[in-house]
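These entries record what I looked up in one structure, beginning with its pockets and ending with its side-chain contacts.

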Amino acid sequence: MKHVILRIYLSEKDSYRGKAAYHAVIEFFKKAGIAGATVHHCIEGYGVDHVIHTANVLRLGADLPIIVQAVDAEDKIRAIIPELRQMLPRELMILQEVEVIPPSEIK
């Protein structure tokens with residue numbers, strides 16, 4: 001079975017229906033039965049606007065980058081992309097094939 005990782009690039013200030021967008025996405029993944037998802041809070045980055053967002057001490061309250069990623073079977077991830085696109089119409093999404101290494105059995 002082919003597995004993929006879906007990465008969605010957001011910012012701290014992005015929202016969806018009154019919630020932080022990253023939290024709304026995690027809840028959506030859980031409801032959709034996606035195998036696993038993680039939110040990464042980044043310390044620096046920029047997007048299409050080319051404005052650097054950083055955790056520099058002089059820039060308190062900066063709009064820092066967030067990456068939400070999910071891993072599951074390709075068909076399961078592809079099936080939820082249209083709904084994600086409705087939630088986040090302008091956000092960068094990347095889909096990449098990955099090899100999932102199952103946990104080893106402890107003897």
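Which element gives the most to the lining of the second largest pocket? I found that α1 does, with four residues. I note at the outset that the model is predicted.

**Entry 1: second largest pocket.** I read its volume as about 210 Å³. The lining consists of Y16, R17, K19, A24, E27, F28, K31, E83 and M87. Besides α1 (21-32), helix α2 (74-87) also supplies at least two residues of this lining. Sorted by class, I have five charged and four nonpolar residues, and no polar ones.

**Entry 2: largest pocket.** I then turned to the largest pocket, whose volume is about 550 Å³. I count 18 lining residues as computed, and those nearest the centre are Y9, L10, G47, V48 and E91. Two strands, β1 (3-11) and β7 (65-73), each contribute at least two residues to this lining. Its composition is nine nonpolar, five charged and four polar residues.

**Entry 3: aromatic contacts.** I searched the whole structure for aromatic pairs, and the search returned one. It joins F28 and F29, with 6.3 Å between the ring centres and 45° between the planes, which is classed as tilted. Both F28 and F29 are buried. I add that F28 has already appeared in the lining of the second largest pocket.

**Entry 4: salt bridges.** How many salt bridges does a search of the whole structure find? I obtained five. One of them pairs K2 with E74, with 3.4 Å between the closest N and O atoms. Because K2 sits in the segment before β1 and E74 in helix α2, this pair ties together parts that are 72 residues apart in sequence. K2 is partly exposed at 42% relative accessible area, whereas E74, at 17%, counts as buried.

E74 also meets R78 in a salt bridge, at 2.9 Å from N to O. Both of these residues belong to helix α2 and lie four residues apart, about one turn of the helix. I have R78 as partly exposed, at 47% relative accessibility. Following these contacts further, I recorded a network of salt bridges that links K2, E74, R78 and E97.

I also looked up the bridge between D72 and K76, whose closest N and O atoms are 3.7 Å apart. Is D72 buried or exposed? I found D72 buried, with a relative accessible area of 10%. Its partner K76 is partly exposed, at 34%.

Technical notes:
Residues are numbered from 1 along each chain as its sequence is written. This is a predicted model: local features need pLDDT of at least 70, side-chain atom pairs count only at pLDDT 80 or more; totals for chains, interfaces and linings use all residues. Side-chain values use heavy atoms; hydrogens and water are left out. Rings of Phe, Tyr and Trp (its six-membered ring) pair if their centres lie within 6.5 Å; planes under 30 degrees apart count as stacked, over 60 as edge-to-face and the rest as tilted. Buried means under 20% relative accessible area, exposed over 50%, partly exposed in between (1.4 Å probe, protein chains only). On a 1 Å grid over the protein atoms alone, a cavity is a set of points where a 1.4 Å probe fits but cannot get out, and a pocket is an open set with protein on both sides within 12 Å along at least five of seven lines; lining residues have an atom within 4 Å of a point. Grid points are joined across faces, edges and corners, and a volume is the space filled by probe spheres set on the points. Ala, Val, Leu, Ile, Met, Phe, Trp, Tyr, Cys and Pro count as nonpolar, Asp, Glu, Lys and Arg as charged, and the others, Gly among them, as polar. A salt bridge is a side-chain nitrogen of Lys or Arg within 4 Å of a carboxyl oxygen of Asp or Glu.
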